[in-house]
Amino acid sequence: ADVQRISGQFLAITPGGIASISGATSVAFAKGAFGLLIFVMALFFWFADGPEIVNAIMVLSPLEDKYEQQLLNEFQMLVRAVVAGSIASATAQAVLSGVGFWFAGLQSIFLLMALTALLAMVPFVGASLVWIPASLWLAFGEGNMTAGVSLAIYGMLIVSTVDNVIRPWIIMERASLHPLAGLLGVLGGVQ
């Protein structure tokens with residue numbers, strides 16, 4: 001009787017809950033698709049007409065040409081440093097996660113490392129999109145709770161933390177950026 005009562009209550013609430021969740025998901029998907037469309041269009045025009053756009057901005061700028069060129073050179077150096085820091089951090093996270101996957105006894109380590117390297121470029125979640133499901137699979141799918149928990153702790157303390165060390169270090173070294181400016185940039189990126 002209790003099971004029937006609880007399942008009846010669940011079925012009575014579920015359609016509204018599902019509608020609410022699907023509506024929120026649809027809105028989030030539409031916003032993401034629109035943002036991706038804008039990004040792709042902007043990227044296309046930057047690749048197609050980048051130098052002309054920069055020249056047009058320089059003509060409109062009230063600064064002297066030598067200062068504009070100096071700002072442009074600094075911007076290029078900073079962008080290259082950010083890309084190099086992202087690639088180095090993703091590579092380090094992939095290698096370290098591969099070590100963790102190997103010790104945990106997972107199969108397809110190179111595939112998992114490649115996924116880690118690719119997803120490590122995603123801000124905030126990055127490599128955790130690989131090691132968290134792998135930990136859950138070990139713990140609950142294979143029933144190896146020790147390996148799953150160990151991989152989760154290793155992923156949290158080592159794999160995901162190395163990003164916070166390597167990326168800022170490379171950016172500050174290659175772009176000659178003061179640590180305070182780097183901190184403000186990171187906090188602005190969080191926003």
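Arg-167 and Asp-163 share helix α5, where they sit four residues apart, about one turn of the helix. The two side chains form a salt bridge. Their closest N and O atoms are 2.8 Å apart. The model is a predicted one, and it holds one salt bridge. How accessible is Asp-163? Its relative accessibility is 18%. Buried means under 20%, so Asp-163 counts as buried.

Now step back to the whole chain. The protein chain has six helices and zero strands. Read from the N terminus, its elements run α-α-α-α-α-α. The chain contains 191 residues, and buried residues make up 24% of them.

Helix α5 spans residues 145-175, and α4 spans 128-141. How do α4 and α5 pack? Two packed helices are described by the angle between their axes and by the distance between those axes. For α4 and α5 the angle is about 165 degrees. Their axes lie 6 Å apart. Angles over 145 degrees count as roughly antiparallel, and α4 and α5 are therefore roughly antiparallel to each other. The crossing of α4 past α5 is left-handed.

This pair of helices also carries a surface feature. A nonpolar patch of about 850 Å² lies on the surface. Its members include Ile-132, Leu-136 and Phe-140. Met-145, Val-149 and Ile-153 also belong to the patch, as do Met-156, Leu-157 and Ile-158. Both α4 and α5 supply at least two residues of the patch. Which helix gives the largest share? That helix is α5, with six residues. One of the patch residues is Met-145, which is placed in α5. Its relative accessible area is 41%. Partly exposed covers the range between under 20% and over 50%, so Met-145 is partly exposed.

Next, follow a contact from α5 to an earlier helix. Gln-76 is placed in helix α2, which covers residues 65-104. Gln-76 and Ala-175 are 99 residues apart along the chain. Their C-alpha atoms are separated by 9.3 Å. Is Gln-76 buried or partly exposed? At 36% relative accessibility, Gln-76 counts as partly exposed.

Helix α2 also takes part in a shorter-range pairing. Val-54 and Leu-72 are 18 residues apart in sequence. In space, their C-alpha atoms are 8.9 Å apart. Val-54 belongs to helix α1, residues 2-60. With a relative accessible area of 22%, Val-54 is partly exposed. Buried residues fall under 20%, so Val-54 at 22% does not count as buried but as partly exposed.

One loop residue deserves a look. Where is Ser-108 found? Ser-108 lies in the loop between α2 and α3, the latter being residues 109-119. Ser-108 has a positive phi of about 55 degrees, although it is not a glycine. At 48% relative accessibility, Ser-108 counts as partly exposed.

Put the pieces together along α5. Helix α5 holds both partners of the salt bridge, Arg-167 and Asp-163. Helix α5 gives six residues to the nonpolar patch. And α5 packs against α4 at an angle of about 165 degrees.

Note on methods: Residues are numbered from 1 along each chain as its sequence is written. This is a predicted model: local features need pLDDT of at least 70, side-chain atom pairs count only at pLDDT 80 or more; totals for chains, interfaces and linings use all residues. Side-chain values use heavy atoms; hydrogens and water are left out. Patches are made of residues with over 30% relative accessible area and no salt bridge: like charges are joined within 9 Å, nonpolar side chains (Val, Leu, Ile, Met, Phe, Trp, Tyr) within 5 Å. Accessible areas come from the Shrake-Rupley method with a 1.4 Å probe; for residues, only the protein chains shown count as cover. A salt bridge is a side-chain nitrogen of Lys or Arg within 4 Å of a carboxyl oxygen of Asp or Glu. Buried means under 20% relative accessible area, exposed over 50%, partly exposed in between (1.4 Å probe, protein chains only). Axes are lines fitted to C-alpha atoms, for helices over the stretch in contact, and angles run from 0 to 180 degrees between N-to-C directions. Angles under 35 degrees count as roughly parallel, over 145 as roughly antiparallel, 65 to 115 as roughly perpendicular and the rest as oblique. A crossing is left-handed if the near helix is turned anticlockwise from the far one by less than a right angle, and right-handed if clockwise.
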